[in-house]
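This report concerns the packing of a single structure. The sequence and the coordinates are displayed first, and the description comes after them.

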Amino acid sequence: MKPNRNLSRGEGRRLGNVALIAFMLGSLLLLSLVRARFSPIGKPGEAIEAEEQQAMRKGSVKMETLETADETAASAAEEEEEETQPKPTDNSGSSGGGVSGGSSTTLAAGDAATDHHLTPSKPVCYESSRRSDTCEAAGDVRVQGRLQTIQISPLEKEWKVKPYCRKHDAFALSHVKEWALQPLSGDAPRCTINSSATAFVLSTGGFTGNLFHDYTDVLIPAFITANRYAGEVQFLVSSFKSWWTNKYIQIFQQLSKHEVIDIDSDDEVRCYRSVVVGSTFHKELGVDASTAPLGSSMVDFRAMLRSAFGLERATATPSGDHWDIRRRPRLLIISRRSSRRFVNERAMVDMAMSLGFDVRVGDPEISTDVSKFARLVNSADVMVGVHGAGLTNMVFLPAGAVLIQVVPYGGLEWLARGTFKEPSADMEIHYLEYMIQLDETTLSEQYPKDDPVLKDPNSIHKQGWNALKTVYLDKQNVKPHLGRLKNTFQEALKLLPHGQNT
C-alpha cells in the first residue's frame with residue numbers, strides 16, 4: 001500500500017507541473033492575441049488587402065472619364081459616417097494607395113493632428129482620413145524630385161505614399177506617382193537649394209481636369225493642410241500639369257509665399273527643415289472645422305477664393321442705389337454643351353426675366369478663365385444647373401445666394417445629395433432641388449414606355465455604375481416644365497433680401 005501512495009504523490013506533482021505549464025502557455029497565447037488585436041504596429045497583409053477591397057466596394061467608385069464627379073457621391077454618406085481622427089498607418093506594407101513603411105516613433109492619432117511645430121522629430125505617417133494618407137517630418141529633409149525620394153534625418157525605416165486624396169481608388173492612383181521617405185544615408189546628396197519653408201508634396205494626377213475633383217481632391221485638401229503655415233510652405237507638385245497649375249495659380253499664391261515647383265522634373269536637391277507629403281481630406285467639397293488646423297472652415301476657404309480672384313460680394317445683398325441694376329436679383333444658368341443640356345434654355349431665360357431676374361447664361365468649359373467665370377458666379381444671387389461638375393462653381397456664390405440643382409430622371413437623388421446638396425450648408429448657401437419627371441426627359445423619346453429605363457430605374461442601378469452613368473447621365477437631356485420651374489424660381493426669390501426695403 002505504501003508504494004501505491006508514493007506513486008500517487010508523484011503523479012500528483014507531475015500533473016500539477018503539467019497544469020502550471022499549460023496555464024503559462026495559455027497566458028502567453030492570450031497576451032499575444034491581445035497584443036495582435038490592439039498593437040499599433042499593424043495587421044497582417046491579408047487583413048489589409050481585405051479591408052482595402054471592402055473599401056473599394058463601399059467607399060470608392062471607379063471613374064473613367066472627365067465627367068466623373070457624379071460617382072463620388074455613391075460613397076459620400078458612408079465615408080462621412082466612418083471619418084474619424086487620424087489613425088497611425090500600418091507598417092506591414094501596402095499595395096495600391098496605402099502608406100507602407102514604419103518608424104519607432106509613430107505618433108498617436110490625436111498627436112498627428114495637433115503637433116505642427118517645426119521641431120526636429122522622427123516622421124509620422126498616418127491615415128489622416130478615410131480617403132487620405134499624410135506623412136509629416138521635421139529635421140534634415142532633402143528632396144530629390146526626379147527620383148520621387150525624400151531623405152530625412154532622423155528616420156529609421158522607409159515609408160511610401162501616393163499623395164492624392166483617393167487612396168482606395170485604383171484607377172485614380174494609377175495616375176499618381178509614389179513617393180518614398182527614406183532614412184538619410186551617409187552618401188546623401190548635398191543640398192543645392194535651402195529653404196526655411198515647409199515642403200508640401202501633393203499630386204495633381206488622379207482625376208484633375210474635372211472641376212469637381214479639382215476642388216474635392218486637391219484644392220480644398222491643400223487648403224486644409226497648408227493654411228496653418230501662414231504662407232511659409234512651398235508646394236512641390238507631382239504629376240505636374242502646367243495648364244492646370246496656371247489655372248489655379250491665384251489659389252496657390254494665397255496659400256504660399258513661395259514658387260510652385262514641378263517637382264518630378266526638378267534636378268535640384270531641395271533641403272528643408274520640415275515636410276508634409278499628402279493632403280488631408282475631410283468631405284466632398286467641404287472642411288470639417290472641428291478637426292481642421294486653426295479651426296478653418298468652408299467660410300474661410302471661400303473668403304480665400306474671394307481674395308484670390310478679386311470677388312467683390314461676400315453676401316447676396318442688393319446695391320443701396322435704387323437706380324443700380326443690382327437692385328434686380330441676378331440668375332445664372334449653368335449651360336452644358338454635351339449631355340444633360342437644357343433643351344428649352346431660351347424659354348427658361350424668358351420666363352426668369354418675366355419674374356424680374358437679371359439673367360445670365362454661363363458655360364464653364366475646362367478652358368474657361370477661372371477668374372472671369374468666378375466673377376460672373378459671384379455676381380449671381382441664384383444659380384441653376386443640371387447635376388454635373390459645373391455646379392462646383394457654387395464655391396464662388398456669395399453667402400445667402402441660392403443654388404438650384406436640377407436632378408436628372410432616374411432615381412439620382414442620392415447622387416445630388418452627396419455632391420452638392422450637403423456641401424451647400426457649410427458654404428452658407430440656400431439649396432433648392434428641381435426633380436426631372438418622365439415627361440421632361442429626352443429618354444422618353446429614346447425608349448419604349450414599358451422599358452425598364454423609364455419604368456424601373458432601380459433595375460438599371462443594380463447593373464452597376466457604368467450602366468447607370470451611360471443611360472441617365474450620358475444619354476439624357478432635360479426640358480423642365482416652365483410652370484413648375486417658375487414655382488421654384490419664385491421660391492428662390494423669397495429667400496433673397498432683394499426688394500425687401502424698396
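The following paragraphs treat the nonpolar cores, one helix and one strand in turn.

The model is predicted. Its largest nonpolar core holds 98 residues, and within this core Y215, F235 and F396 touch the most other members. The greatest contribution comes from helix 6, spanning residues 211-226, which supplies 10 residues. Both domain 1 (124-309) and domain 2 (330-495) are represented in this core, each with at least three residues.

The contacts of F396 can be given in detail. Leaving aside residues up to four places away in sequence, F396 touches Y215, R302, L305, F309, L311, V370, A374, V377 and N378. Y215, one of these partners, also belongs to the trio in the largest core that touches the most other members. A second core, separate from the one to which helix 6 gives the most, comprises 20 residues, among them A137, V141, I150 and V201.

Helix 10 covers residues 345-354, and its buried residues are E345, M348, V349, M351 and A352. These residues lie on the same side of helix 10 because the arc they cover around the axis is only 165°. On the face turned away from that buried side, helix 10 carries R346 and S354, which are exposed. The buried residues pack against three elements: strand 13 (330-334), strand 14 (358-362) and helix 17 (482-494). After helix 10 comes G356, which has a positive phi near 100°.

Strand 15 runs from residue 382 to residue 386; 5 of its 5 residues are buried, so this strand is largely enclosed by the rest of the structure. Burial extends to both of its faces, with V382, V384 and V386 on one side and M383 and G385 on the other.

The pairings of strand 15 are set out below.

| Partner of strand 15 | Sense | Extent | Example of opposed residues |
|---|---|---|---|
| Strand 13 | parallel | 3 bridges | I333 with V384 |
| Strand 16 (residues 402-407) | parallel | 5 bridges | V402 with V382 |

Two elements thus recur in this account. Strand 13 packs against the buried residues of helix 10 and also pairs with strand 15 in the parallel sense. Within strand 15, V384 is the bridge partner of I333, while V382 stands opposite V402 of strand 16; V382 and V384 are both buried and lie on one side of strand 15.

Definitions and conventions
Residues are numbered from 1 along each chain as its sequence is written. This is a predicted model: local features need pLDDT of at least 70, side-chain atom pairs count only at pLDDT 80 or more; totals for chains, interfaces and linings use all residues. Side-chain values use heavy atoms; hydrogens and water are left out. A nonpolar core is a set of buried Ala, Val, Leu, Ile, Met, Phe, Trp, Tyr and Cys residues joined through side-chain atoms within 4.5 Å. Buried means under 20% relative accessible area, exposed over 50%, partly exposed in between (1.4 Å probe, protein chains only). Helices (H or I, at least four residues) and strands (E, at least two) are DSSP runs, numbered from the N terminus. Domain bounds come from an automatic or database domain assignment. Contact means heavy atoms within 4.5 Å. The arc is that of the directions from the helix axis to the C-beta atoms. Two strands pair if DSSP finds at least two bridges between them.
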